[in-house]
Amino acid sequence: MLEGRDLSFRHHTRLPWLFQDLQLHIAPGEIVGLNGPSGCGKTTLARILAGYVRPVTGRVTLEGRLLPRQGYCPVQLIYQHPELAINPRWRIAAALAEGPPPTANILAALHINSDWLNRWPHELSGGELQRIAVARALISQTRYLLADEMTAMLDAATQAQIWHGVLRFAAEHQIGLLVISHDLPLLTRLGARVITLG
Amino acid sequence: MLLHVNGLNISFTIYAAGLHQRRLTVITDLDVTVRAGELVAIVGASGSGKSLLAHAILGILPRNAEQGGTIAYQGELLTPQRKAELRGRQIALIPQTVSALDPLMRVGAQVRRAAERGGIARDRAQAVVDQTFERYDLAPEVQQRYPFQISGGMARRVLVSTAVVGQAELLIADEPTPGLHPEAVTETLNHLRELADQGKGVLMITHDIMAALRIADRVAVFYAGTTVEVAQAADFSAAGAQLRHPYTQALWRALPQNGFVPLADAQPAPDALPQGCLFAASCPHVTAACQAERPAARTVRAGLVRCIHA
């Protein structure tokens with residue numbers, strides 16, 4: 001279980017709260033949807049759950065314990081813009097090998113072409129680069145995946161391909177998913193339990 | 001016809017290793033037309049050549065690009081010189097992001113400069129800027145702000161203002177909706193529709209087929225750098241039986257609300273294009289004839305399609 005308890009956050013003591021005393025839990029294998037107007041704190045909440053940002057109050061636990069501060073984090077966040085998540089000075093092969101490498105099955109399920117591995121990030125399209133960002137999180141050490149508008153920049157066909165790869169992996173490994181999206185038909189299709197923020 | 005793109009080809013010469021050069025064909029036999037008063041949406045995957053088309057029309061492709069085929073504006077061929085004369089005057093771009101604004105220049109001054117470039121006399125420019133700001137619900141004091149001081153939604157309205165403040169007849173909007181919340185999306189789409197209804201030609205480039213269908217008269221579908229189909233917006237309905245090309249049908253069925261069916265394969269890379277139909281690797285109807293040569297454009301049910309089975 002990934003659990004956020006009594007989470008509150010604001011960027012500064014003089015600024016209003018983005019959210020206060022928020023409770024949230026995701027069970028292994030569960031799909032939770034998160035939506036709400038822009039600026040309501042969805043991305044900040046995901047960053048807190050992934051351990052990138054400390055909440056002002058409350059805490060995040062994984063199986064009852066705080067997230068590890070070192071090594072591979074079992075909670076992985078996928079961003080909307082892969083070009084901001086992948087080091088522009090590393091070739092794709094290096095980006096994929098940053099953590100434990102994904103299996104050949106995952107690369108095939110996401111339609112990652114082996115020709116891409118020797119390229120630089122700017123030589124791939126947004127859809128191609130997002131497949132790389134997703135692939136490197138789909139490894140057995142991942143327990144929870146937070147998808148922040150993961151396919152909002154992509155066409156429907158690419159979106160469906162990436163989601164099918166993710167859903168198959170999540171089902172096989174009982175991974176819990178948090179799906180942040182404005183796209184209600186997508187959340188419905190994923191069968192998500194939807195939480196509305198703000 | 002306001003804009004007529006016919007058989008456009010674009011390739012890049014790139015350095016593969018050392019001084020060894022390679023040619024990448026990124027757009028192949030691309031056709032699209034826009035009439036005055038019409039809104040044409042271009043939908044397709046990222047990497048299908050959508051933005052490059054905009055750059056080719058405006059004449060702002062990088063130096064290592066080579067272009068074949070023709071682009072005509074109001075019946076006259078667009079030469080590089082004519083493109084330079086027309087861009088910002090007759091043909092205006094609504095850019096994708098705030099980063100297109102000058103970060104060191106106040107927003108009002110940027111729109112005023114666009115107005116002057118767009119053919120508004122210097123002494124009238126400020127009045128026209130004021131009107132445009134009012135029309136897009138931007139308070140007068142916003143003119144004094146710098147781009148980093150305005151919200152994403154306001155920035156989008158400023159970008160629309162820079163394009164429409166002049167007297168441009170053809171507007172090209174590059175991905176105007178992503179990252180906006182639903183109300184802002186509706187507002188942006190309404191602005192584009194309104195421009196078409198006033199008699200301008202609008203070319204909207206997007207990956208979001210549902211956004212396109214809300215306002216477009218016709219939809220051009222791009223795949224791997226070519227126009228596979230130009231459909232009427234109304235053809236996208238029910239199971240998509242009115243659609244002509246297997247890729248368009250696949251795109252329609254891939255929507256979460258229509259089945260969420262993924263494609264069999266990814267789009268071919270520019271340096272590994274098949275000899276025959278560009279969609280052959282993912283197509284459920286593929287035959288030997290499809291793999292032999294590229295299907296020519298045909299007219300089926302009053303729409304263009306490049307498929308021998310349509």
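Select chain B first: an open sheet of four strands lies there in the order E2-E1-E4-E5, with antiparallel pairing. Strands are DSSP runs of at least two residues and helices (H or I) DSSP runs of at least four, numbered from the N terminus; two strands pair if DSSP finds at least two bridges between them. The model is predicted, so local features need pLDDT of at least 70 and side-chain atom pairs count only at pLDDT 80 or more, whereas totals for chains, interfaces and linings use all residues. Residues are numbered from 1 along each chain as its sequence is written, and chains are lettered from A, with ligands numbered from 1, in the order in which they are written.

Colour the edges of this sheet, strand E2 (20-34) and strand E5 (76-77) of chain B, each of which pairs on one side only. Next, select strand E1 (residues 3-17) of chain B, which is joined to E2(B) by eleven bridges in an antiparallel arrangement. Within that pairing, B:Thr13 has B:Arg23 of E2(B) as its bridge partner. Add helix H1 (residues 50-58) of chain B, which packs on the sheet and touches E1, E2 and strand E4 (65-73) of chain B. Residues are in contact if their C-beta atoms, placed from the backbone, lie within 7 Å. The direction of H1 makes about 80° with that of E2(B); axes are lines fitted to C-alpha atoms, for helices over the stretch in contact, and angles run from 0 to 180 degrees between N-to-C directions.

Move to strand E6 (residues 91-94) of chain B, where B:Ile91 and B:Leu93 point one way and B:Ala92 and B:Ile94 the other. In a regular strand the side chains alternate between the two faces of the sheet. All four residues are buried, that is, with 20 or more other C-beta atoms within 10 Å of their own; exposed means 12 or fewer, and partly exposed in between, with C-beta atoms placed from the backbone. Strand E7 (residues 170-174) of chain B runs parallel to E6(B) and is joined to it by four bridges. There, B:Leu170 is the bridge partner of B:Ile91.

Now show the contact between the chains, which takes 22 residues from chain B and 25 residues from chain A.

Finally, select chain A, which has six helices and nine strands. Of its 198 residues, 46% count as buried. Centre on A:Val194 in strand E9 (residues 193-196) of chain A. A:Val194 is partly exposed, with 15 other C-beta atoms within 10 Å. Beyond its neighbours within four places in sequence, A:Val194 is in contact with A:Gly33, A:Asn35 and A:Leu187.

Note on methods: Two residues are in contact if their C-beta atoms, placed from the backbone, lie within 7 Å.
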